[in-house]
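Morning, everyone. Please have the model open on your screens. I will talk you through a few parts of it.

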Amino acid sequence: MGGTSKTDQKAALDIASWLFNVVTSVGIILVNKALMATYGFSFATTLTGLHFGTTTLLTTFLTWLGYIQPSQLPWPDLLKFVLFANFSIVGMNVSLMWNSVGFYQIAKLSMIPVSCLLEVVLDKVRYSRDTKLSILLVLAGVAVCTVTDVSVNLNGFLAAAIAVWSTALQQYYVHHLQRKYSLGSFNLLAHTAPVQAASLLLVGPFLDFWLTNQRVDAFNFSFVSLFFLILSCSIAVGTNLSQFICIGRFTAVSFQVLGHMKTILVLVLGFTFFGKEGLNMQVVLGMLIAILGMIWYGNASSKPGGKERRSLSIPITKAHKLSSLSETAESDEKV
């Protein structure tokens, strides 16, 4: 009975974490769409810096209240994480500007294979055939309903490659750092948010001026646009936190696969609230294929052998020669 209740509790927390991520992510997409498209605040990098600035205020306040306990994250690991995270943000913004929407979507889809490769190489994870096939089905479904015109140039390809690899590495490191240093989601956010906020607010205005040829300090705020900016920053706190919670619970690959459910949901909400333009049988078919793939992935990856970390077994006769390797294997099992 105890085992069953623990399993049920974990399943309930997994669902709650995922719903939290879906609601905040879809919410921020819709709010940012209004802020940028309707009210003309097209300074994406600066906006992300403001998001992390708001997150920093919250984590500082919660630390002061004692809700976030002091923890350690060495500077080299912190700077490595922030470097990957910031290259991810900047790379995505530049990729969207230099590439067609179709190639931008393909680049986003390629994050799953890259995340899989990182887990195979760095964590010695092994995927079953069903798990691999289910991932391919998700990619095919999302590609069918989102990829339209596909044109590519060298600059755009390089920006997309930097964006994809840095995003995959950033998401891998969320899971890695939480395990390595026993950090909770709030702890990790308290370490990373201030550094990301400072760096993005420093670089953001110059990068946004280069991308849009407009100065953020010259933007003429109205009451409504200011309201949407504050709303965007408020929701972003939940988005940032929920990403860390989900990757900590699911790993980066599962987070990416489930993340495409948000793509489908954004499409459905877009058609519901902003008109049926662009809705056709191809889009509907793609959605259905992607949803089937996600259900298959959830089933395949949860089965024994669906997705497992290989353990390194050392022969006793060679233990004295490979002592350092055996210590590494032990620490991998503990974290």
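I will go from the overall fold to one helix, its partners and three serines.

First, a caution. This is a predicted model.

Let's start with the whole chain. There are 335 residues, and 44% of them count as buried. The secondary structure comes to 12 helices and 2 strands. In order along the sequence, the pattern reads α-α-α-α-α-β-α-α-α-α-α-α-β-α. Now the contacts. Take those with a separation of 6 or more: 86% of them join residues 24 or more positions apart.

Next, helix H3. Which helix does H3 come within 10 Å of, axis to axis? The partner is H8, residues 185-212, and the two axes cross at roughly 30 degrees. Angles under 35 degrees count as roughly parallel, so H3 is roughly parallel to H8. The crossing is right-handed.

Who makes that contact? On the H3 side, the list includes Trp75, Leu78, Phe81, Val82, Ala85, Ile89 and Trp98. On the H8 side, it includes His191, Thr192, Val195, Gln196, Leu207 and Trp210. What about the chemistry? The residues of this contact divide into 15 nonpolar, 6 polar and no charged. Asn86 and Asn93 are among the H3 members. Ser199 is one of those from H8.

Now the rings. The structure holds 12 aromatic pairs. I'll pick one, Phe84 with Tyr173. Their centres are 5.5 Å apart, with 40 degrees between the planes, and the pair is tilted. Why pick this pair? Phe84 sits in H3, residues 75-98, while Tyr173 sits in H7, residues 154-181, so the pair ties together parts that are 89 residues apart in sequence. Are these two residues buried or exposed? Both Phe84 and Tyr173 are buried.

There is also a ring cluster to look up. Phe41, Phe43, Phe219 and Phe221 are linked into it by ring pairs.

Back to H3 and H7, this time through serines. Ser166 belongs to helix H7. What does Ser166 touch, beyond residues up to four places away in sequence? The answer is Phe84, Phe87 and Ser88. So Phe84 comes up again, as the ring partner of Tyr173 and as a contact of Ser166. Between Ser166 and Phe84, the C-alpha to C-alpha distance is 4.8 Å, with their positions 82 residues apart in sequence. Ser166 counts as buried because its relative accessibility is 5%, and the cut-off is under 20%.

Ser88 is on the H3 side. Its relative accessibility is 8%, and Ser88 counts as buried. Setting aside residues up to four places away in sequence, Ser88 touches Ala163, Ser166 and Thr167.

The last serine is Ser185, in helix H8. How does Ser185 come out on burial? Ser185 is buried, at a relative accessible area of 14%. Which residues does Ser185 contact, leaving aside neighbours within four places in sequence? They are Gln178, Leu241, Phe244 and Ile245.

To recap, H3 runs roughly parallel to H8. The Phe84 and Tyr173 pair ties H3 to H7. Ser166 of H7 touches Ser88, and Ser88 lies in H3. That's my tour.

Terms used. Residues are numbered from 1 along each chain as its sequence is written. This is a predicted model: local features need pLDDT of at least 70, side-chain atom pairs count only at pLDDT 80 or more; totals for chains, interfaces and linings use all residues. Side-chain values use heavy atoms; hydrogens and water are left out. Rings of Phe, Tyr and Trp (its six-membered ring) pair if their centres lie within 6.5 Å; planes under 30 degrees apart count as stacked, over 60 as edge-to-face and the rest as tilted. Helices (H or I, at least four residues) and strands (E, at least two) are DSSP runs, numbered from the N terminus. Buried means under 20% relative accessible area, exposed over 50%, partly exposed in between (1.4 Å probe, protein chains only). Axes are lines fitted to C-alpha atoms, for helices over the stretch in contact, and angles run from 0 to 180 degrees between N-to-C directions. Angles under 35 degrees count as roughly parallel, over 145 as roughly antiparallel, 65 to 115 as roughly perpendicular and the rest as oblique. A crossing is left-handed if the near helix is turned anticlockwise from the far one by less than a right angle, and right-handed if clockwise. Contact means heavy atoms within 4.5 Å. Ala, Val, Leu, Ile, Met, Phe, Trp, Tyr, Cys and Pro count as nonpolar, Asp, Glu, Lys and Arg as charged, and the others, Gly among them, as polar.
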